[in-house]
Amino acid sequence: MNNKEFDNILNECLERLLVKGESLEQCLERYPQQAAELKPLLETALAAKEASAIQPRPDFRARARYQFQSALQETASRKSRLSWGWFPRWATVVAIVLVLVLAGGGTVFAAESSMPDSPLYSVKLATEQVRLTLTPSQMGKARLCAELADRRVTEIAYMAGKGDAGQVELITRRLDEKLELLVVLIEGRGGLSLPGMLMAPPPDTGEAEAPPVPPPAEDTAPPPEASPPAVITEPGKGWGGKDADDLDGNRVRLRNTLVSDAAHNRVVLRAALDEMPESVKPALRRAIVVSEDGYEEVLEALEALE
Amino acid sequence: MQDEESLVRRAQKHDQEAFAQLYEEYFDRIYRYITLKIGDAVEAEDLTQQVFLNTLRSISSFKWRGKPFSAWLYRIAHNQVVDYFRKKRRTAMPLEENLVSGGDNPQQVTERKLDIERVLSAARHLTEAQREVISLRFTSELSIAQVAGVMGKSQGAVKALQHSGIVALRKALSVTENE
(Lines give C-alpha, C1' and ligand atoms only; values in the text may rest on other atoms or scores of the structure.)
Protein backbone atom coordinates (compact mmCIF):
# COMPACT_ATOMS: atom_id res chain seq x y z
CA MET A 1 0.00 0.00 0.00
CA ASN A 2 1.35 3.39 -0.89
CA ASN A 3 1.28 6.47 1.31
CA LYS A 4 -1.61 8.02 -0.56
CA GLU A 5 -3.83 5.00 0.05
CA PHE A 6 -2.93 4.99 3.72
CA ASP A 7 -3.60 8.75 3.98
CA ASN A 8 -7.07 8.10 2.57
CA ILE A 9 -7.77 5.25 4.99
CA LEU A 10 -6.56 7.32 7.91
CA ASN A 11 -8.80 10.17 6.86
CA GLU A 12 -11.77 7.85 6.42
CA CYS A 13 -11.23 6.52 9.95
CA LEU A 14 -10.91 10.03 11.34
CA GLU A 15 -14.19 11.02 9.75
CA ARG A 16 -15.90 7.98 11.25
CA LEU A 17 -14.30 8.50 14.64
CA LEU A 18 -14.59 12.26 15.03
CA VAL A 19 -17.60 13.17 12.91
CA LYS A 20 -19.81 10.11 12.78
CA GLY A 21 -19.13 9.07 16.37
CA GLU A 22 -17.90 5.52 15.74
CA SER A 23 -15.70 3.91 18.38
CA LEU A 24 -11.99 3.26 17.87
CA GLU A 25 -12.63 -0.49 17.77
CA GLN A 26 -15.29 -0.14 15.07
CA CYS A 27 -12.91 1.89 12.94
CA LEU A 28 -10.10 -0.59 13.32
CA GLU A 29 -12.35 -3.54 12.45
CA ARG A 30 -12.94 -1.98 9.04
CA TYR A 31 -9.24 -2.07 8.26
CA PRO A 32 -7.76 -5.11 10.01
CA GLN A 33 -4.61 -5.06 7.91
CA GLN A 34 -3.82 -1.48 8.83
CA ALA A 35 -5.18 -1.66 12.38
CA ALA A 36 -1.79 -1.82 14.08
CA GLU A 37 -0.58 1.27 12.27
CA LEU A 38 -3.88 3.13 12.56
CA LYS A 39 -4.49 2.59 16.28
CA PRO A 40 -1.78 4.89 17.72
CA LEU A 41 -2.57 7.56 15.13
CA LEU A 42 -6.28 7.55 15.90
CA GLU A 43 -5.55 7.68 19.63
CA THR A 44 -3.37 10.71 19.03
CA ALA A 45 -6.09 12.32 16.94
CA LEU A 46 -8.53 11.78 19.81
CA ALA A 47 -6.06 13.47 22.15
CA ALA A 48 -5.75 16.40 19.75
CA LYS A 49 -9.52 16.57 19.58
CA GLU A 50 -9.46 17.17 23.33
CA ALA A 51 -8.12 20.61 22.54
CA SER A 52 -11.55 21.48 21.17
CA ALA A 53 -12.69 21.55 24.80
CA ILE A 54 -10.92 24.88 25.11
CA GLN A 55 -13.48 27.59 25.30
CA PRO A 56 -13.20 31.35 25.67
CA ARG A 57 -13.55 32.62 29.22
CA PRO A 58 -17.07 33.96 29.82
CA ASP A 59 -15.81 37.42 30.76
CA PHE A 60 -13.66 37.59 27.65
CA ARG A 61 -16.52 36.38 25.51
CA ALA A 62 -18.80 39.07 26.92
CA ARG A 63 -16.19 41.81 26.57
CA ALA A 64 -15.30 40.77 23.04
CA ARG A 65 -18.94 40.64 22.01
CA TYR A 66 -19.58 44.09 23.45
CA GLN A 67 -16.55 45.59 21.72
CA PHE A 68 -17.42 43.93 18.45
CA GLN A 69 -20.97 45.22 18.58
CA SER A 70 -19.65 48.70 19.34
CA ALA A 71 -17.33 48.50 16.36
CA LEU A 72 -20.18 47.19 14.22
CA GLN A 73 -22.42 50.09 15.14
CA GLU A 74 -19.52 52.46 14.63
CA THR A 75 -18.95 51.12 11.13
CA ALA A 76 -22.64 51.31 10.26
CA SER A 77 -22.83 54.93 11.26
CA ARG A 78 -19.42 55.92 9.90
CA LYS A 79 -20.74 57.86 6.94
CA SER A 80 -22.99 59.96 9.09
CA ARG A 81 -20.25 60.40 11.68
CA LEU A 82 -17.91 61.65 9.02
CA SER A 83 -20.41 64.20 7.87
CA TRP A 84 -20.56 67.69 9.19
CA GLY A 85 -23.50 66.66 11.34
CA TRP A 86 -21.08 64.91 13.65
CA PHE A 87 -19.95 68.20 15.10
CA PRO A 88 -22.16 70.63 16.95
CA ARG A 89 -23.36 73.23 14.48
CA TRP A 90 -21.89 76.05 16.52
CA ALA A 91 -18.50 74.38 16.51
CA THR A 92 -18.54 74.02 12.75
CA VAL A 93 -19.48 77.66 12.22
CA VAL A 94 -16.85 78.82 14.70
CA ALA A 95 -14.24 76.59 13.10
CA ILE A 96 -14.91 77.83 9.59
CA VAL A 97 -14.74 81.45 10.72
CA LEU A 98 -11.59 80.81 12.72
CA VAL A 99 -9.81 79.06 9.91
CA LEU A 100 -10.84 81.45 7.16
CA VAL A 101 -10.68 84.73 9.02
CA LEU A 102 -8.54 84.36 12.07
CA ALA A 103 -6.10 81.66 10.99
CA GLY A 104 -2.94 81.91 13.03
CA GLY A 105 -4.63 83.90 15.80
CA GLY A 106 -4.65 83.06 19.48
CA THR A 107 -8.13 81.53 19.49
CA VAL A 108 -7.21 79.05 16.80
CA PHE A 109 -4.05 78.19 18.68
CA ALA A 110 -5.98 77.74 21.93
CA ALA A 111 -8.46 75.37 20.28
CA GLU A 112 -5.75 73.51 18.40
CA SER A 113 -3.90 72.70 21.58
CA SER A 114 -7.01 71.81 23.59
CA MET A 115 -7.54 68.33 25.02
CA PRO A 116 -10.77 66.28 24.98
CA ASP A 117 -11.78 67.50 28.42
CA SER A 118 -11.67 71.14 27.24
CA PRO A 119 -14.73 73.11 26.05
CA LEU A 120 -12.70 74.11 22.99
CA TYR A 121 -12.16 70.51 21.89
CA SER A 122 -15.23 70.47 19.61
CA VAL A 123 -13.81 73.54 17.88
CA LYS A 124 -10.50 71.75 17.52
CA LEU A 125 -12.11 68.76 15.78
CA ALA A 126 -14.24 70.96 13.56
CA THR A 127 -11.19 73.08 12.70
CA GLU A 128 -9.33 69.96 11.68
CA GLN A 129 -12.21 68.96 9.44
CA VAL A 130 -12.23 72.38 7.81
CA ARG A 131 -8.48 72.20 7.21
CA LEU A 132 -8.82 68.72 5.75
CA THR A 133 -11.56 69.90 3.44
CA LEU A 134 -9.72 72.99 2.29
CA THR A 135 -6.49 71.12 1.58
CA PRO A 136 -6.56 70.67 -2.19
CA SER A 137 -4.20 67.76 -2.90
CA GLN A 138 -4.39 64.14 -1.82
CA MET A 139 -0.81 64.38 -0.57
CA GLY A 140 -1.62 67.47 1.48
CA LYS A 141 -4.61 65.70 2.98
CA ALA A 142 -2.48 62.66 3.74
CA ARG A 143 0.15 64.77 5.52
CA LEU A 144 -2.54 66.50 7.53
CA CYS A 145 -4.16 63.18 8.34
CA ALA A 146 -0.82 61.91 9.66
CA GLU A 147 -0.58 64.97 11.87
CA LEU A 148 -4.12 64.45 13.17
CA ALA A 149 -3.49 60.78 13.92
CA ASP A 150 -0.45 61.83 15.91
CA ARG A 151 -2.59 64.28 17.87
CA ARG A 152 -5.10 61.55 18.68
CA VAL A 153 -2.35 59.43 20.21
CA THR A 154 -1.28 62.34 22.41
CA GLU A 155 -4.90 62.77 23.48
CA ILE A 156 -5.26 59.06 24.25
CA ALA A 157 -2.23 59.15 26.54
CA TYR A 158 -3.56 62.32 28.16
CA MET A 159 -7.05 60.94 28.82
CA ALA A 160 -5.63 57.63 30.01
CA GLY A 161 -3.65 59.64 32.51
CA LYS A 162 -6.94 61.14 33.68
CA GLY A 163 -8.32 57.63 34.14
CA ASP A 164 -11.10 58.15 31.59
CA ALA A 165 -11.46 54.82 29.77
CA GLY A 166 -14.55 55.97 27.87
CA GLN A 167 -12.69 58.90 26.30
CA VAL A 168 -9.73 56.66 25.52
CA GLU A 169 -12.03 54.34 23.57
CA LEU A 170 -13.72 57.22 21.79
CA ILE A 171 -10.44 58.82 20.73
CA THR A 172 -9.11 55.42 19.71
CA ARG A 173 -11.96 55.16 17.24
CA ARG A 174 -11.06 58.60 15.91
CA LEU A 175 -7.45 57.48 15.60
CA ASP A 176 -8.56 54.38 13.73
CA GLU A 177 -10.66 56.54 11.44
CA LYS A 178 -7.74 58.86 10.64
CA LEU A 179 -5.38 55.98 9.92
CA GLU A 180 -7.98 54.35 7.68
CA LEU A 181 -8.47 57.62 5.84
CA LEU A 182 -4.72 57.80 5.37
CA VAL A 183 -4.74 54.39 3.71
CA VAL A 184 -7.60 55.48 1.48
CA LEU A 185 -5.74 58.63 0.48
CA ILE A 186 -2.49 56.77 -0.16
CA GLU A 187 -4.24 54.17 -2.26
CA GLY A 188 -5.94 56.91 -4.22
CA ARG A 189 -9.45 55.64 -3.55
CA GLY A 190 -10.79 59.17 -3.89
CA GLY A 191 -14.20 58.00 -4.97
CA LEU A 192 -15.18 57.15 -1.40
CA SER A 193 -17.67 59.40 0.30
CA LEU A 194 -15.26 61.02 2.66
CA PRO A 195 -16.17 64.60 3.41
CA GLY A 196 -12.80 66.13 2.70
CA MET A 197 -12.81 64.57 -0.72
CA LEU A 198 -16.38 65.44 -1.50
CA MET A 199 -15.77 69.09 -0.85
CA ALA A 200 -12.34 69.30 -2.43
CA PRO A 201 -11.91 69.72 -6.17
CA PRO A 202 -12.19 66.25 -7.70
CA PRO A 203 -8.94 64.75 -8.96
CA ASP A 204 -8.55 65.09 -12.70
CA THR A 205 -8.59 61.44 -13.63
CA GLY A 206 -9.99 62.00 -17.05
CA GLU A 207 -12.83 59.63 -16.20
CA ALA A 208 -16.40 60.29 -15.25
CA GLU A 209 -16.11 58.20 -12.12
CA ALA A 210 -13.35 57.07 -9.83
CA PRO A 211 -11.82 53.78 -10.96
CA PRO A 212 -13.22 50.77 -9.17
CA VAL A 213 -11.11 49.21 -6.46
CA PRO A 214 -9.54 46.08 -7.90
CA PRO A 215 -10.68 42.86 -6.20
CA PRO A 216 -8.33 41.71 -3.47
CA ALA A 217 -6.29 38.53 -3.49
CA GLU A 218 -8.11 36.05 -1.31
CA ASP A 219 -5.10 34.46 0.28
CA THR A 220 -4.11 37.44 2.32
CA ALA A 221 -5.65 39.04 5.36
CA PRO A 222 -6.41 42.71 5.68
CA PRO A 223 -4.80 45.11 5.28
CA PRO A 224 -2.88 43.50 2.34
CA GLU A 225 -6.05 41.77 1.26
CA ALA A 226 -7.93 45.00 0.97
CA SER A 227 -5.09 46.91 -0.58
CA PRO A 228 -5.55 47.63 -4.25
CA PRO A 229 -2.66 48.75 -6.39
CA ALA A 230 -1.90 52.43 -6.29
CA VAL A 231 -3.82 54.69 -8.64
CA ILE A 232 -0.93 57.11 -8.99
CA THR A 233 -0.12 56.47 -12.57
CA GLU A 234 0.07 60.09 -13.55
CA PRO A 235 2.18 62.29 -11.28
CA GLY A 236 0.56 65.59 -10.55
CA LYS A 237 -2.92 64.17 -10.63
CA GLY A 238 -4.41 63.16 -7.33
CA TRP A 239 -1.35 63.59 -5.12
CA GLY A 240 -0.79 67.12 -6.35
CA GLY A 241 2.91 66.88 -7.21
CA LYS A 242 4.23 68.70 -10.25
CA ASP A 243 6.34 65.88 -11.54
CA ALA A 244 7.66 62.49 -10.62
CA ASP A 245 10.49 63.92 -8.50
CA ASP A 246 8.03 65.95 -6.44
CA LEU A 247 5.85 62.90 -6.03
CA ASP A 248 8.73 60.70 -4.88
CA GLY A 249 9.99 63.40 -2.56
CA ASN A 250 6.56 63.86 -1.02
CA ARG A 251 6.16 60.15 -0.55
CA VAL A 252 9.55 59.87 1.13
CA ARG A 253 8.78 62.78 3.44
CA LEU A 254 5.39 61.33 4.32
CA ARG A 255 6.93 57.93 4.90
CA ASN A 256 9.64 59.34 7.16
CA THR A 257 7.05 61.23 9.17
CA LEU A 258 4.90 58.15 9.57
CA VAL A 259 7.81 55.88 10.51
CA SER A 260 8.86 58.40 13.13
CA ASP A 261 5.28 58.86 14.42
CA ALA A 262 4.68 55.12 14.56
CA ALA A 263 7.82 54.52 16.61
CA HIS A 264 7.22 57.49 18.89
CA ASN A 265 3.57 56.67 19.48
CA ARG A 266 4.38 53.06 20.20
CA VAL A 267 6.75 54.18 22.95
CA VAL A 268 4.30 56.77 24.30
CA LEU A 269 1.35 54.38 24.55
CA ARG A 270 3.31 51.42 25.88
CA ALA A 271 4.99 53.62 28.48
CA ALA A 272 1.57 54.95 29.48
CA LEU A 273 0.30 51.40 29.93
CA ASP A 274 2.80 50.74 32.71
CA GLU A 275 1.64 53.73 34.69
CA MET A 276 -2.13 53.52 34.29
CA PRO A 277 -4.71 52.20 36.73
CA GLU A 278 -6.15 48.77 35.88
CA SER A 279 -9.51 50.31 34.90
CA VAL A 280 -7.97 52.10 31.91
CA LYS A 281 -5.63 49.34 30.75
CA PRO A 282 -8.07 47.39 28.53
CA ALA A 283 -8.98 50.55 26.62
CA LEU A 284 -5.34 51.52 26.36
CA ARG A 285 -4.36 48.07 25.11
CA ARG A 286 -6.97 48.39 22.39
CA ALA A 287 -5.53 51.82 21.53
CA ILE A 288 -2.07 50.28 21.24
CA VAL A 289 -3.34 47.59 18.87
CA VAL A 290 -5.22 50.13 16.76
CA SER A 291 -2.23 52.47 16.64
CA GLU A 292 0.40 49.83 15.85
CA ASP A 293 -1.71 47.93 13.33
CA GLY A 294 -2.98 51.15 11.79
CA TYR A 295 0.47 52.64 11.23
CA GLU A 296 1.63 49.33 9.85
CA GLU A 297 -1.23 49.30 7.35
CA VAL A 298 -0.47 52.84 6.32
CA LEU A 299 3.21 52.09 5.80
CA GLU A 300 2.37 48.95 3.84
CA ALA A 301 0.07 50.99 1.62
CA LEU A 302 2.93 53.43 1.01
CA GLU A 303 5.36 50.61 0.29
CA ALA A 304 2.94 49.16 -2.23
CA LEU A 305 3.36 52.32 -4.27
CA GLU A 306 7.13 51.91 -4.53
CA MET B 1 -27.45 29.12 10.36
CA GLN B 2 -29.02 30.86 7.40
CA ASP B 3 -27.41 30.33 3.99
CA GLU B 4 -23.89 31.62 4.55
CA GLU B 5 -23.57 33.39 1.24
CA SER B 6 -26.65 35.52 1.83
CA LEU B 7 -25.51 36.21 5.38
CA VAL B 8 -22.15 37.40 4.14
CA ARG B 9 -23.74 39.57 1.48
CA ARG B 10 -25.97 41.16 4.10
CA ALA B 11 -22.99 41.65 6.41
CA GLN B 12 -21.17 43.39 3.56
CA LYS B 13 -24.01 45.88 3.55
CA HIS B 14 -23.46 46.48 7.28
CA ASP B 15 -26.45 44.40 8.33
CA GLN B 16 -25.67 44.07 12.02
CA GLU B 17 -27.81 41.00 12.59
CA ALA B 18 -26.12 39.11 9.78
CA PHE B 19 -22.69 40.04 11.04
CA ALA B 20 -23.66 39.02 14.57
CA GLN B 21 -24.70 35.58 13.29
CA LEU B 22 -21.40 35.09 11.50
CA TYR B 23 -19.58 36.22 14.62
CA GLU B 24 -21.39 33.73 16.86
CA GLU B 25 -20.89 30.95 14.35
CA TYR B 26 -17.14 31.35 14.12
CA PHE B 27 -15.99 32.99 17.34
CA ASP B 28 -15.22 29.86 19.39
CA ARG B 29 -13.72 28.02 16.46
CA ILE B 30 -11.39 30.86 15.56
CA TYR B 31 -10.41 31.16 19.22
CA ARG B 32 -9.54 27.45 19.45
CA TYR B 33 -7.68 27.57 16.16
CA ILE B 34 -5.53 30.46 17.38
CA THR B 35 -5.00 28.89 20.80
CA LEU B 36 -3.59 25.71 19.31
CA LYS B 37 -1.48 27.67 16.85
CA ILE B 38 0.16 29.92 19.44
CA GLY B 39 -0.14 27.60 22.46
CA ASP B 40 -1.41 30.37 24.71
CA ALA B 41 -5.10 30.62 25.52
CA VAL B 42 -4.89 34.09 27.04
CA GLU B 43 -2.91 35.68 24.23
CA ALA B 44 -5.37 34.04 21.85
CA GLU B 45 -8.12 36.25 23.25
CA ASP B 46 -6.68 39.50 21.91
CA LEU B 47 -5.84 37.89 18.58
CA THR B 48 -9.34 36.45 18.21
CA GLN B 49 -10.86 39.83 18.90
CA GLN B 50 -8.56 41.46 16.37
CA VAL B 51 -9.49 38.87 13.73
CA PHE B 52 -13.13 39.84 13.97
CA LEU B 53 -12.39 43.55 13.99
CA ASN B 54 -10.24 43.08 10.89
CA THR B 55 -13.04 41.07 9.33
CA LEU B 56 -15.48 43.87 10.03
CA ARG B 57 -13.17 46.40 8.46
CA SER B 58 -12.47 44.42 5.34
CA ILE B 59 -15.55 42.31 4.68
CA SER B 60 -16.59 44.61 1.86
CA SER B 61 -13.49 43.44 -0.03
CA PHE B 62 -14.45 39.75 0.20
CA LYS B 63 -15.49 38.29 -3.13
CA TRP B 64 -17.14 34.94 -3.74
CA ARG B 65 -14.78 33.08 -6.06
CA GLY B 66 -15.55 29.50 -5.29
CA LYS B 67 -13.89 29.61 -1.88
CA PRO B 68 -16.10 29.67 1.20
CA PHE B 69 -16.22 32.57 3.60
CA SER B 70 -14.61 30.38 6.27
CA ALA B 71 -11.49 30.04 4.12
CA TRP B 72 -11.16 33.81 3.98
CA LEU B 73 -11.83 34.18 7.71
CA TYR B 74 -9.28 31.55 8.70
CA ARG B 75 -6.80 33.21 6.40
CA ILE B 76 -7.22 36.42 8.35
CA ALA B 77 -6.73 34.45 11.57
CA HIS B 78 -3.65 32.78 10.10
CA ASN B 79 -2.15 36.14 9.18
CA GLN B 80 -2.92 37.46 12.64
CA VAL B 81 -0.99 34.54 14.11
CA VAL B 82 1.93 35.10 11.74
CA ASP B 83 1.97 38.74 12.75
CA TYR B 84 1.89 37.75 16.41
CA PHE B 85 4.95 35.54 16.05
CA ARG B 86 6.71 38.22 14.10
CA LYS B 87 6.12 40.87 16.76
CA LYS B 88 6.42 38.91 19.98
CA ARG B 89 7.95 35.73 21.14
CA ARG B 90 6.54 34.86 24.53
CA THR B 91 6.34 31.86 26.75
CA ALA B 92 2.90 30.34 26.86
CA MET B 93 0.90 30.84 30.03
CA PRO B 94 -0.65 27.82 31.77
CA LEU B 95 -4.33 27.28 31.08
CA GLU B 96 -6.83 28.57 33.57
CA GLU B 97 -9.47 26.16 34.81
CA ASN B 98 -12.34 28.17 33.40
CA LEU B 99 -10.90 27.94 29.91
CA VAL B 100 -11.80 24.28 29.77
CA SER B 101 -15.26 22.85 29.38
CA GLY B 102 -16.00 19.60 31.19
CA GLY B 103 -19.06 19.85 33.35
CA ASP B 104 -19.07 20.46 37.06
CA ASN B 105 -16.59 17.77 38.02
CA PRO B 106 -13.43 19.61 39.17
CA GLN B 107 -11.26 16.53 38.82
CA GLN B 108 -12.45 15.93 35.29
CA VAL B 109 -11.82 19.57 34.40
CA THR B 110 -8.31 19.45 35.86
CA GLU B 111 -7.45 16.26 34.02
CA ARG B 112 -8.76 17.66 30.79
CA LYS B 113 -6.80 20.84 31.35
CA LEU B 114 -3.60 18.83 31.74
CA ASP B 115 -4.39 16.84 28.60
CA ILE B 116 -4.95 20.04 26.65
CA GLU B 117 -1.75 21.58 27.97
CA ARG B 118 0.14 18.50 26.82
CA VAL B 119 -1.39 18.77 23.36
CA LEU B 120 -0.64 22.50 23.14
CA SER B 121 2.91 21.89 24.27
CA ALA B 122 3.42 18.98 21.87
CA ALA B 123 1.91 20.95 18.99
CA ARG B 124 4.83 23.36 19.19
CA HIS B 125 7.07 20.60 17.83
CA LEU B 126 5.09 20.36 14.62
CA THR B 127 5.92 22.22 11.45
CA GLU B 128 3.84 25.28 10.68
CA ALA B 129 1.84 23.44 8.02
CA GLN B 130 1.26 20.38 10.22
CA ARG B 131 0.06 22.56 13.09
CA GLU B 132 -2.24 24.40 10.71
CA VAL B 133 -3.86 21.16 9.54
CA ILE B 134 -4.16 19.66 13.03
CA SER B 135 -5.66 22.87 14.37
CA LEU B 136 -8.15 23.28 11.55
CA ARG B 137 -9.16 19.62 11.52
CA PHE B 138 -9.38 18.79 15.21
CA THR B 139 -10.11 22.01 17.06
CA SER B 140 -12.00 23.95 14.41
CA GLU B 141 -13.55 20.75 13.04
CA LEU B 142 -13.25 21.66 9.37
CA SER B 143 -13.49 18.99 6.69
CA ILE B 144 -10.52 18.08 4.51
CA ALA B 145 -12.07 20.08 1.66
CA GLN B 146 -12.45 23.14 3.87
CA VAL B 147 -8.90 22.86 5.18
CA ALA B 148 -7.66 22.58 1.61
CA GLY B 149 -9.59 25.77 0.81
CA VAL B 150 -8.09 27.64 3.74
CA MET B 151 -4.54 26.53 3.01
CA GLY B 152 -4.72 26.75 -0.74
CA LYS B 153 -3.54 23.15 -1.08
CA SER B 154 -4.98 20.04 -2.70
CA GLN B 155 -7.00 17.64 -0.56
CA GLY B 156 -4.31 15.00 -1.12
CA ALA B 157 -1.64 17.31 0.22
CA VAL B 158 -3.78 18.11 3.26
CA LYS B 159 -4.32 14.41 3.95
CA ALA B 160 -0.57 13.82 3.77
CA LEU B 161 0.05 16.71 6.16
CA GLN B 162 -2.64 15.37 8.46
CA HIS B 163 -0.87 12.02 8.55
CA SER B 164 2.60 13.42 9.16
CA GLY B 165 1.18 15.90 11.68
CA ILE B 166 -0.45 13.16 13.76
CA VAL B 167 2.76 11.11 13.66
CA ALA B 168 4.79 14.14 14.79
CA LEU B 169 2.25 14.95 17.48
CA ARG B 170 2.32 11.40 18.79
CA LYS B 171 6.10 11.51 18.95
CA ALA B 172 6.04 14.85 20.78
CA LEU B 173 3.37 13.62 23.21
CA SER B 174 5.36 10.52 24.07
CA VAL B 175 8.43 12.67 24.70
CA THR B 176 6.35 14.89 26.99
CA GLU B 177 5.06 11.83 28.88
CA ASN B 178 8.56 10.53 29.44
CA GLU B 179 9.88 13.83 30.77
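**Figure 1. Helices α10 and α13 of chain A, side by side.** In this predicted model, α10(A) covers residues 165–187 and α13(A) covers residues 281–305. Their axes sit 9 Å apart and meet at an angle of about 5 degrees. That angle is under 35 degrees, and α10(A) and α13(A) are therefore roughly parallel to each other. Look at what lines the contact of α10(A) with α13(A) and you'll find 16 nonpolar residues, three polar ones and five charged ones.

**Figure 2. A:A165, a residue of helix α10 in chain A.** A:A165 belongs to helix α10 of chain A. Setting aside residues up to four places away in sequence, A:A165 touches A:S279, A:V280 and A:A283. Take A:V280: 115 residues separate it from A:A165 along the chain, yet their C-alpha atoms are 4.9 Å apart in space. Is A:A165 buried or partly exposed? Count the other C-beta atoms within 10 Å and you get 19, so A:A165 is partly exposed; buried would take 20 or more.

**Figure 3. Chain A as a whole.** Pull back a little, and chain A turns out to have 13 helices and zero strands. Of its 306 residues, 36% are buried. Now take the contacts in chain A between residues at least 6 apart in sequence: 66% of them join residues at least 24 apart.

**Figure 4. Chain B, another chain of helices.** Here there are eight helices and zero strands, so to speak a plain run of α-α-α-α-α-α-α-α along the sequence. Chain B has 179 residues, and 45% of them count as buried. For contacts in chain B between residues at least 6 apart in sequence, 61% link residues at least 24 apart.

**Figure 5. Where chain B meets chain A.** On one side of this meeting are 55 residues of chain B, in contact with 39 residues of chain A. Which helices of chain B each supply at least two residues of the side that touches chain A? They are α2 (16–38), α3 (43–58), α4 (69–87), α5 (106–123), α6 (128–139) and α8 (155–178). By type, the chain B side splits into 23 nonpolar, 19 polar and 13 charged residues.

**Figure 6. Helix α3 of chain B, mostly covered.** This helix has 16 residues, and from its first C-alpha to its last it reaches 23 Å, close to the 22 Å expected at 1.5 Å a residue. Twelve of the 16 residues in α3(B) are buried. Among them are B:L47, B:V51, B:F52 and B:L53, but the buried set also includes B:E45, B:T48, B:Q49, B:Q50 and B:N54.

**Figure 7. The largest nonpolar core and a second one.** The largest nonpolar core holds 62 residues, and B:I34, B:A77 and B:V147 touch the most other members. The helix giving the largest share of this core is α2(B), with nine residues. There's also a second, separate core of 38 residues, and A:A160, A:V168, A:L175 and A:V290 are included in it. Back in the largest core, zoom in on B:V147: leaving out residues up to four places away in sequence, B:V147 touches B:V133, B:L136, B:R137, B:L142 and B:V158.

**Figure 8. B:S140 and B:E141, in the loop between α6 and α7 of chain B.** B:S140 is found in this loop, and B:E141 lies there too. B:S140 has 23 C-beta neighbours inside 10 Å, so B:S140 counts as buried. B:E141 has 15 such neighbours, so B:E141 counts as partly exposed. Beyond its neighbours within four places in sequence, B:S140 is in contact with B:R29, B:R32, B:Y33 and B:S135. B:S140 and B:I30 are 110 residues apart in sequence, but 7.0 Å apart in space from C-alpha to C-alpha. As for the backbone, most residues other than glycine have a negative phi. B:E141 isn't a glycine, but has a positive phi of about 60 degrees.

**Figure 9. B:H14, in the loop between α1 and α2 of chain B.** The loop holding B:H14 runs between α1 (4–12) and α2 of chain B. What is phi for B:H14? Phi of B:H14 is near 65 degrees, a positive value in a residue other than glycine. B:H14 has 18 other C-beta atoms within 10 Å, which means B:H14 is partly exposed.

Conventions:
Residues are numbered from 1 along each chain as its sequence is written. Chains are lettered from A and ligands numbered from 1 in the order in which they are written. This is a predicted model: local features need pLDDT of at least 70, side-chain atom pairs count only at pLDDT 80 or more; totals for chains, interfaces and linings use all residues. Two residues are in contact if their C-beta atoms, placed from the backbone, lie within 7 Å. Helices (H or I, at least four residues) and strands (E, at least two) are DSSP runs, numbered from the N terminus. Ala, Val, Leu, Ile, Met, Phe, Trp, Tyr, Cys and Pro count as nonpolar, Asp, Glu, Lys and Arg as charged, and the others, Gly among them, as polar. The expected span of a helix is 1.5 Å times one less than its number of residues. Axes are lines fitted to C-alpha atoms, for helices over the stretch in contact, and angles run from 0 to 180 degrees between N-to-C directions. Angles under 35 degrees count as roughly parallel, over 145 as roughly antiparallel, 65 to 115 as roughly perpendicular and the rest as oblique. A nonpolar core is a set of buried Ala, Val, Leu, Ile, Met, Phe, Trp, Tyr and Cys residues joined through C-beta atoms within 7 Å.
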